[in-house]
Amino acid sequence: MAKVILPEIGKEAREATISYWHFEEGDRVEEGEELVEIATDKSTLNIPAPCSGVLTEVFFEEGDIIEVGEVLANIEEEETNFEEEE
């Protein structure tokens, strides 16, 4: 299970507002896809998915204020099978 955490967003910014979720719980996401848009008083940015998998839990709704370091969501990572068939 991978956690999506609000990263450091500037020297003075300690919180942000969830603007828009690009996916819903149960949706499949690819690593690097824009997952959630956040806004501070100075900028708007997107947090990418840290891995590919299924978005299993979203802990905040659009409009919620969150702090740096908080877990925004969980992604159930896909297991990759590298075995070759004989």
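Here are some short exercises, each with a worked solution, on the predicted model shown above.

**Exercise 1. Getting an overview**

Task: Find how many helices and strands the protein chain has, and describe its overall extent.

Solution:
- Step 1. Begin with the secondary structure: the protein chain has 0 helices and 8 strands.
- Step 2. Walk along the chain from the N terminus, and you will read the elements as β-β-β-β-β-β-β-β.
- Step 3. Now turn to the extent: the C-alpha trace spans about 55 × 25 × 15 Å along its principal axes.
- Step 4. Finish with the surface. The accessible surface comes to about 5900 Å², and carbon and sulfur atoms hold 43% of it.

**Exercise 2. Following the open sheet**

Task: In which order do the 4 strands of the open sheet lie, and which are the edge strands?

Solution:
- Step 1. Recall the general idea: strands of a sheet pair through backbone hydrogen bonds, either parallel or antiparallel.
- Step 2. Here the order is β1-β8-β6-β3, with antiparallel pairing.
- Step 3. Look for strands that pair on one side only: these are the edge strands, β1 (2-5) and β3 (28-29).
- Step 4. Trace the pairing of β1 with β8, which is antiparallel and has 4 bridges. Valine 4 has alanine 73 in β8 as its bridge partner.
- Step 5. Move on to β6 (residues 53-58), which pairs with β8 (residues 71-77) over 5 bridges, again in the antiparallel sense. In this pair, leucine 55 stands opposite isoleucine 75.

**Exercise 3. Three strands in a row of pairings**

Task: Work out how β4 pairs with β2 and with β5.

Solution:
- Step 1. Take β2 and β4: their pairing is antiparallel and has 4 bridges. Here isoleucine 18 faces isoleucine 38 in β4.
- Step 2. Take β4 and β5: they also pair in the antiparallel sense, over 5 bridges. Valine 36 stands opposite isoleucine 47 in β5.
- Step 3. See how β4 leads into β5: a hairpin of 4 residues joins the two strands.

**Exercise 4. A threonine in a loop**

Task: Is threonine 40 buried or exposed, and which residues does threonine 40 touch?

Solution:
- Step 1. Locate threonine 40 in the loop between β4 (34-39) and β5 (44-48).
- Step 2. Compare its accessibility with the cut-off: buried means under 20%. Threonine 40 has a relative accessibility of 17%, so this residue counts as buried.
- Step 3. List the contacts. Leaving out residues up to four places away in sequence, threonine 40 touches Ile9, Ala13, Glu15 and Ala16.
- Step 4. Set this beside the whole chain, where buried residues make up 33% of the 86 residues.

**Exercise 5. Two salt bridges**

Task: Which side chains form the 2 salt bridges, and how accessible are these residues?

Solution:
- Step 1. Start from the principle: side chains of opposite charge can pair when their charged atoms come close.
- Step 2. One salt bridge links arginine 14 and glutamate 8, at 3.3 Å from N to O. Arginine 14 is partly exposed at 46% relative accessible area, while glutamate 8 is exposed at 55%.
- Step 3. Another links glutamate 30 and arginine 28, at 2.0 Å from N to O. Glutamate 30, at 35%, is partly exposed, and arginine 28, at 42%, is partly exposed too.

**Exercise 6. Into the nonpolar core**

Task: How many residues does the largest nonpolar core have, and which have the most contacts inside it?

Solution:
- Step 1. Keep the general tendency in mind: in soluble globular proteins, nonpolar side chains tend to be buried together.
- Step 2. The largest nonpolar core has 23 residues, and those with the most contacts inside it are Leu6, Ile18, Leu35, Ile38, Leu72 and Ile75.
- Step 3. The elements giving two or more residues to this core are β1, β2 (15-21), β4 and β8.
- Step 4. Zoom in on isoleucine 18. Leaving out residues up to four places away in sequence, isoleucine 18 touches several residues, including Val36, Ile38, Phe60, Ile66 and Leu72.

**Exercise 7. Sequence and space**

Task: Where is lysine 11, and how far is lysine 11 from asparagine 74 in sequence and in space?

Solution:
- Step 1. Find lysine 11 in the loop between β1 and β2.
- Step 2. Check its accessibility: exposed means over 50%. Lysine 11 has a relative accessible area of 87%, so this residue is exposed.
- Step 3. Compare with asparagine 74: the two residues are 63 residues apart in sequence, and their C-alpha atoms are 26 Å apart in space.

Technical notes:
Residues numbered from 1 in each chain as written. Predicted model: local features only at pLDDT ≥ 70, side-chain atom pairs only at ≥ 80, totals over all residues. Heavy atoms only, no water. Pairing = 2+ DSSP bridges. Salt bridge = Lys/Arg side-chain N within 4 Å of Asp/Glu carboxyl O. Buried < 20%, exposed > 50% of the residue type's maximum accessible area, 1.4 Å probe, protein only. Contact = heavy atoms within 4.5 Å. Core = buried A, V, L, I, M, F, W, Y, C linked by side-chain atoms within 4.5 Å. Areas by Shrake-Rupley, 256 points an atom, 1.4 Å probe, with all protein chains shown as cover.
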